[in-house]
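The following exercises concern a single protein structure. Please work through each task before reading its solution.

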Amino acid sequence: MKKILAIAALVFAGAAQAQELSNFAFGGAKQIVSPEIKGDSVTFRLNANYATVVDLYGNWLPGYGDKISLKKGTDGIWETTIALPQPAEIYTYNFIVDGVSVNDPQNYMVQRDGTRYLNMLLVPGTRTDVYKESSKRGTVSYKWYDSNILGINRRLTVYTPYGYEANPGKKYPVLYLLHGAGGDEEAWSSMGRAAQILDNLIEQGKAEPMIVVMPNGNPNQQAAPTFGLPTTQLNFRDPANANAYVRSLCEEIVPFIEKNFRVIAKPEKRAIAGLSMGGGHTIAASALYPKLFDYICPLSAAGNATVDQLKALKKEGVKLYWVGCGKTDFLWKGNEALIANLKEAGLEHTFYVSEGGHIWANWRLYLQTFAPLLFK
């Protein structure tokens, strides 16, 4: 009797699995591959027999309204093959089906930009090798902390390097990595590929094993908007709220990390970097708390520091002041002004100039360029 029941259970389990598989097959719809990279070309496909017009939009196209038409085959599959975008990078795309934006259902690689989910096209090459999964991977976790300064419970992302859990006696330096306007605590791990970049650099011996803390830089948010949590109304005109987030970062987040993770709690083992708005936060945090960070890296920064503030950093013995900006970035002049103040203050610095503008392709490049310079 037991044998019969066991066989029946196996049959039922198999039937259930087949039912699940049939659900994924969408009633027998033809399975396709998209995108499919072969050599120097890539093919995009969409199974949409009902559609009358299907176009492809990619952020590599020169104009915002530019698009590429797909052709419909006799099997109802829309398709187009194009040359791989260059240079090797991560690009985003979507289909436009009868005027409606649609993601590629066959592409599991997506990134979230605010409230938008975008398909990713990773073009292989030397520059993108560090965007792929390494063989020794660190851990990305999410922590909640109470902010008395902002009056809310808040979420942040923490990357710990490969081996962190297996070596309970080892302590690590920390990089505080800040996002830009429109981002949140998941921006650097989603769009910036921060974990993959650090995993690869550390495995290759190019960067020191480090903890990376990625907070939410929007002082009115408890967490990313995908949580659906209510936001607060912070009166930025109230002098009591001046630099509220920067104060929370330096007076609350840094102590929280140093209490809950195995870190080396010294200025020479703390770094801070951020893009755009986060670059402004980076400049402000280092200026207001000159004894806190010895490695400072504003990227396409929306902000500046006074000559006196930069002289104070020089006096404290800052080990690295690294500025990155694209030639066509709309914040270029502001970054030039920062460089002028650094020169006047006599603070040794690096100005890394790249092609392009205010884009993630640059910020990913900057991270893989300055990370090997930290904590040396």
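**Exercise 1.** How many nonpolar, polar and charged residues does the lining of the largest pocket have?

*Solution.* The model is predicted. Sorted by class, the lining comprises 19 nonpolar, 16 polar and eight charged residues. The space in this largest pocket is about 1000 Å³. Of its 43 lining residues, those closest to the centre are N59, T92, L118, I359 and W360. Next, consider the elements: strand 7 (90-97), strand 9 (110-113), strand 10 (116-122) and helix 8 each give two or more residues to the lining. Strand 7 supplies the largest share, six residues.

**Exercise 2.** Determine why helix 8 is largely enclosed by the rest of the structure.

*Solution.* A residue counts as buried when its relative accessible area is under 20%. In helix 8, the buried residues are W360, A361, N362, W363, R364, L365, Y366, L367, Q368 and F370. Helix 8 spans residues 360-370, and 10 of its 11 residues are buried, so this helix is largely enclosed by the rest of the structure.

**Exercise 3.** Find how many disulfides the count comes to, and explain the result for C297.

*Solution.* A disulfide requires two cysteine sulfur atoms within 2.5 Å. For C297, the closest cysteine sulfur is in C325, 14 Å away, and therefore too far for a bond. C325 is likewise in no disulfide, its nearest cysteine sulfur being that of C297. The count thus comes to zero disulfides. As to exposure, C297 is buried because its relative accessibility is 1%. C325 is also buried, with a relative accessible area of 0%.

How values were computed
Residues numbered from 1 in each chain as written. Predicted model: local features only at pLDDT ≥ 70, side-chain atom pairs only at ≥ 80, totals over all residues. Heavy atoms only, no water. Buried < 20%, exposed > 50% of the residue type's maximum accessible area, 1.4 Å probe, protein only. Helix = DSSP H or I, 4+ residues; strand = E, 2+ residues; numbered from the N terminus. 1 Å grid on protein atoms, 1.4 Å probe; cavity = no way out; pocket = protein on both sides within 12 Å on 5 of 7 lines; lining within 4 Å. Points joined across faces, edges and corners; volume = space filled by probe spheres on them. Nonpolar A, V, L, I, M, F, W, Y, C, P; charged D, E, K, R; others polar.
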